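Let's take a walk through a protein together. Keep the picture in view and follow along as we go from one part to the next.

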Amino acid sequence: MTRSQDIFIPLAVRSAIANAEHDAIFVSIHYNAARRPGAHGIETYSENNRGAVLAARIQRQIISRVSTENRGLRSAEYYVLRNCRLPAVLVECGFLTNPSEAQLALTTSYRQQVAEQIGAGIIEQRQFAFPPLIRTHRTGRLVHRNKKHRKVVDSERLGLSPLIFLTAKES
């Protein structure tokens, strides 16, 4: 996370934070605006091939659960996408200039639903990068089957649902 308060973090700093993390994924979450108040829907941007696969997974997950127009995948050379050396995407979760979507954006349940689907896209991306996790018989912790990628993930310690967790490959 680039911030814990509602303060502006310069784009160069956001990219630097992401690039400093080993094997990270960068997801920038936004709400769109347009001159036409009828503009609506969700779209996901990437700048390069690494981000394109992640963008497709996130967009598909969101559209599968959120009833709105699928504005699809877009390519853009936004600063944070262009300057991240890792898979990077920017998700536009709707239009604040559309009265209906602006009202939705104010609801906790809508924001939670979109966040969970973004998380599902990230998890799907990680499952292709790492072998599946299994529970150990002694502790019930989640571990990678393959010793090369073994990383213990205690989802309860992280405060996450046992079904929703992210892992990173050990260096």
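Before we start, here's a bit of vocabulary: a residue is called buried if its relative accessible area is under 20%, exposed if that value is over 50%, and partly exposed if it falls in between. Try it out on Arg 74: its relative accessible area is 33%, so this residue is partly exposed. One more thing to keep in mind is that you're looking at a predicted model.

Now for the overall layout. The protein contains five helices and six strands. Starting at the N terminus, you'll meet them in the order α-β-β-α-β-α-β-α-α-β-β. There are 171 residues in the protein, and 39% of them count as buried. What about the outside? The protein exposes about 10600 Å², and carbon and sulfur atoms supply 52% of that area. As for how the chain meets itself, take the contacts with a separation of 6 or more: residues 24 or more positions apart account for 68% of them.

Let's begin with helix α1, which covers residues 11-20. Which residues of this helix are buried? They are Arg 14, Ser 15, Ala 18 and Asn 19. If you look down the axis of α1, these buried residues fall within an arc of 130 degrees, so they line one face of the helix. The numbering makes sense once you know a general rule: an α-helix has 3.6 residues a turn, so residues three or four places apart point the same way. And what do the buried residues of α1 pack against? Their partners are β1 (26-32) and α3 (79-82).

While we're at α3, have a look at Tyr 79, which sits in that helix. With a relative accessible area of 32%, Tyr 79 is partly exposed. Together with Phe 8 and Leu 11, Tyr 79 makes a nonpolar surface patch of about 300 Å².

Next up are the charged pairs. How many salt bridges does a search of the whole structure find? The count is five. One of them joins the side chains of Glu 43 and Arg 71, with N and O 2.9 Å apart. This pair links distant parts of the chain, as Glu 43 is in strand β2 (residues 42-46) and Arg 71 is in strand β3 (residues 70-75), 28 residues away. Is Glu 43 buried or exposed? Its relative accessibility is 2%, so Glu 43 counts as buried. Arg 71, on the other hand, has a relative accessible area of 22%, which means that it is partly exposed.

Remember Arg 74 from our warm-up? Arg 74 also forms a salt bridge with Glu 43, and here the closest N and O atoms are 3.3 Å apart. Arg 74 lies in β3 and Glu 43 in β2, so this pair ties together parts that are 31 residues apart in sequence.

Another salt bridge brings together the side chains of Glu 124 and Arg 57, at 3.4 Å from N to O. Again, distant parts of the chain are linked: Glu 124 belongs to helix α5 (residues 108-129) and Arg 57 to helix α2 (residues 49-65), 67 residues apart. Glu 124 counts as buried because its relative accessibility is 15%. Arg 57 is buried too, at 13%. Going back to the strands, salt bridges that share partners join Glu 43, Arg 71 and Arg 74 into one network.

Stay on strand β3 for a moment, because Leu 73 is found there as well. Leu 73 has a relative accessible area of 47%, so this residue is partly exposed. Which residues does Leu 73 touch, leaving aside its neighbours within four places in sequence? They are Thr 44, Ala 55, Ala 56 and Gln 59. You can also compare Leu 73 with Ile 42: the two are 31 residues apart in sequence, and their C-alpha atoms are 9.2 Å apart in space.

Last stop: the cysteines. How many disulfides does the count come to? The answer is zero. Find Cys 84 and you'll see a buried residue, with a relative accessible area of 3%. Cys 93 is buried as well, with a value of 1%.

Terms used
Residues are numbered from 1 along each chain as its sequence is written. This is a predicted model: local features need pLDDT of at least 70, side-chain atom pairs count only at pLDDT 80 or more; totals for chains, interfaces and linings use all residues. Side-chain values use heavy atoms; hydrogens and water are left out. Buried means under 20% relative accessible area, exposed over 50%, partly exposed in between (1.4 Å probe, protein chains only). Helices (H or I, at least four residues) and strands (E, at least two) are DSSP runs, numbered from the N terminus. The arc is that of the directions from the helix axis to the C-beta atoms. Contact means heavy atoms within 4.5 Å. A salt bridge is a side-chain nitrogen of Lys or Arg within 4 Å of a carboxyl oxygen of Asp or Glu. A disulfide is a pair of cysteine sulfur atoms within 2.5 Å. Accessible areas come from the Shrake-Rupley method with a 1.4 Å probe; for residues, only the protein chains shown count as cover. Patches are made of residues with over 30% relative accessible area and no salt bridge: like charges are joined within 9 Å, nonpolar side chains (Val, Leu, Ile, Met, Phe, Trp, Tyr) within 5 Å.
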